[in-house]
Every structure is written in C-alpha cells, then in structure tokens.
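Work through the exercises below with the sequence and the structure side by side, and try each task before reading its solution.

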Amino acid sequence: MTFPLTGEPLALDLLNTRTAEGDLVADPAGLGAWLAEQAGRLTPAGEVGAAEVAAVRAVREAARAALDAARRDERPPADALRALNGALAAAPSHRELAWTPETGLTAVPHRAAAPAERLAAELAEAVAELLTDPRVTSVRACEAEDCVLLFLPAHPRRRWCVAAACGNRARVARYYARHKGL
C-alpha cells in the first residue's frame, strides 16, 4: 500500500490517511503499513490490532477538527481539545537515559502505557506541536478538485500537494478547457 504525501509534519501525515478514496488506516493491516512508512518517527507499535486502529482514528478526527479551526486562527472545538488532551494524559512521557556504543548517551522519550494509548499519545503530541506552531495558519489544502490532502508549503506559491500529480492534472485540464473550442 502506498500513502500519499508522506514526509510532511507527522500530524499532517496522519490527517492525510483519510483521502478522497477512503480511510487508509481503517484496519490493522492499513495502520500497520502506515506505521511502517513512518518508521523512525514513532515508537515501533509491535502487533497492530483494533485498539490501535480505534485510538489512531480518534486522534485523527480530533486533530482534523482542531486543525480546521487553527488554520482559520479560530478557537478549536472543546471536544477536539478534550480528546487530544485525553490521549496525551493516558500515556505521559518521561525521558529515559540510555547508553549504546554507536550513539553514546541519549535521552529518549518513554511512555509506560499500553500500545494503543502510547501510539495515540505520540500522535496527539505531534498534533499539539503542529497546532502550536506559528505556521499552522499556513497549512493548505490541495487545490485539485478531487484531492483532500493537506500540506505545509515550503514556498508561498505552492498550490498542490504534489505538483507532478495534482498540479499536472490541473494544468492539463486548463489546457484542455482553453483548446476545447478550437
């Protein structure tokens, strides 16, 4: 399974798992594939089951509502904030020191919780980082008619999630519309 537009901030990658074609993390196989795609950005989940799917989808729905408001510089819905705060509180984080010969001394975040709660908390933390980032009002929706993906543009003139896909389709459609009457 391929996931569109990965590599954006983790919260946007999560939101982009709901595409115009459907929910890409609706089952354990889809979520497991997405988590594999996000390797290195999240703590490995191990076995993915229905609890993890439900937890991730709950965070994603709360994130969508909160981000929609934050992009308009408005107050996010209270239930969305409550859901995100609940996910964060269910698996609090503390830093744990570790030594390996390859990396030396590191302090990595550790969450003592069940896998579903830990995963939801990590994703809620990524959402909180995006919501509190001053660039949150710059998050854009792709301008292609059949696309629902979100992105954080590196360039202010960026209009499409992927220029080679959505941008090209839009340019071809404009060309066709201009030359249709000839």
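**Exercise 1.** Decide whether glutamate 8 is buried or exposed in this predicted model, and find which residues glutamate 8 touches.

*Solution.* Begin with the relative accessibility of glutamate 8, which is 10%. The cut-off for a buried residue is under 20%, so glutamate 8 counts as buried. Next, place the residue along the chain: glutamate 8 lies in the segment before helix 1. Finally, look for its contacts, leaving out residues up to four places away in sequence; glutamate 8 then touches Asp13, Arg41, Leu150, Phe151, Leu152 and Arg158.

**Exercise 2.** Check whether the length of helix 5 agrees or disagrees with its number of residues, and work out how far the helix is enclosed by the rest of the structure.

*Solution.* Helix 5 covers residues 115-131. Its 17 residues, at 1.5 Å a residue, should span 24 Å, because the expected span uses one less than the number of residues. The end C-alpha atoms of helix 5 are 24 Å apart, which agrees with that expectation. For the second part, 12 of the 17 residues are buried, so helix 5 is largely enclosed by the rest of the structure. Among these buried residues are Arg118, Glu122, Leu123 and Val127, and what covers the buried residues of the helix includes helix 1, helix 2, helix 3, helix 4 and strand 4.

**Exercise 3.** Identify the residues that touch the most other members of the largest nonpolar core, and say which elements give two or more residues to this core.

*Solution.* The largest nonpolar core has 39 residues, of which Leu31, Trp34, Val59, Leu67 and Leu123 touch the most other members. Two or more residues come from each of helix 1, helix 2, helix 3, helix 4 and helix 5. Apart from this core lies another one of nine residues, including Ala144, Cys147, Trp160 and Cys161. As background, nonpolar side chains tend to be buried together in soluble globular proteins.

**Exercise 4.** Describe how strand 3 and strand 4 are paired.

*Solution.* Strand 3 spans residues 93-100, and it pairs with strand 4 in the antiparallel sense over eight bridges. The two strands form a hairpin with three residues between them. To follow the pairing by eye, take arginine 95, which stands opposite proline 109 in strand 4.

**Exercise 5.** Find which element supplies the largest share of the lining of the largest pocket.

*Solution.* The largest pocket holds about 520 Å³ of space. Of its 25 lining residues, Leu10, Arg41, Leu42, Thr43 and Glu122 are the closest to the centre. Helix 1, helix 2, strand 4 and helix 5 each supply at least two lining residues, and the largest share, six residues, comes from helix 5.

Note on methods. Residues numbered from 1 in each chain as written. Predicted model: local features only at pLDDT ≥ 70, side-chain atom pairs only at ≥ 80, totals over all residues. Heavy atoms only, no water. Core = buried A, V, L, I, M, F, W, Y, C linked by side-chain atoms within 4.5 Å. Buried < 20%, exposed > 50% of the residue type's maximum accessible area, 1.4 Å probe, protein only. Helix = DSSP H or I, 4+ residues; strand = E, 2+ residues; numbered from the N terminus. Contact = heavy atoms within 4.5 Å. Pairing = 2+ DSSP bridges. 1 Å grid on protein atoms, 1.4 Å probe; cavity = no way out; pocket = protein on both sides within 12 Å on 5 of 7 lines; lining within 4 Å. Points joined across faces, edges and corners; volume = space filled by probe spheres on them.
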